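Me: I have a model open and would like to go through its aromatic residues and strands with you. Please start once it is displayed.
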Amino acid sequence: MNNYIHILDSDGKRITSIVDNMIEPIGETALCEQAKSRYPNAAQYIYGGDEMLDEFLAGKAYVNGIFVDVPVIEYTPTKAEKNA
């Protein structure tokens, strides 16, 4: 089992994740500091394991401490695009 700091945007969507070194783990605090220095504009830094990563990879967002489906926004072409 791996542990990660998941870096999230303001909508709870994953920007990226940084894995804790399995050979010489640095732990939650040090890993969070690395994430904050690399991604200072992120909205959240969440420590979690493989199960959490699986939820993000399935396209879910992390909002108010739970995983939620991200709404799909359908694109409607403009009249000009339809006629092109």
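Me: Is Phe67 buried or exposed?
Reply: Phe67 is partly exposed, with a relative accessible area of 24%; buried means under 20%, exposed over 50% and partly exposed in between, using a 1.4 Å probe and protein chains only. The model is predicted, so local features need pLDDT of at least 70 and side-chain atom pairs count only at pLDDT 80 or more, while totals for chains, interfaces and linings use all residues. Residues are numbered from 1 along each chain as its sequence is written, and side-chain values use heavy atoms, with hydrogens and water left out.
Me: And what about Phe56, buried or exposed?
Reply: Phe56 is buried, at a relative accessible area of 7%.
Me: How many aromatic pairs are there?
Reply: There are two; rings of Phe, Tyr and Trp (its six-membered ring) pair if their centres lie within 6.5 Å, and planes under 30 degrees apart count as stacked, over 60 as edge-to-face and the rest as tilted.
Me: Why is the pair of Phe56 and Phe67 called edge-to-face?
Reply: Their ring centres are 5.1 Å apart and the planes stand at 75 degrees, so the pair is edge-to-face. Phe56 lies in helix α2 (residues 50-57) and Phe67 in strand β5 (residues 66-69), eleven residues apart. Helices (H or I, at least four residues) and strands (E, at least two) are DSSP runs, numbered from the N terminus.
Me: Which residues form the aromatic cluster?
Reply: Phe56, Tyr62 and Phe67 form one cluster. Tyr62 stands opposite Phe67 in β5.
Me: Changing topic, how do β4 and β5 pair?
Reply: Strand β4 (residues 60-63) pairs with β5 in the antiparallel sense over four bridges; strands pair if DSSP finds at least two bridges between them.
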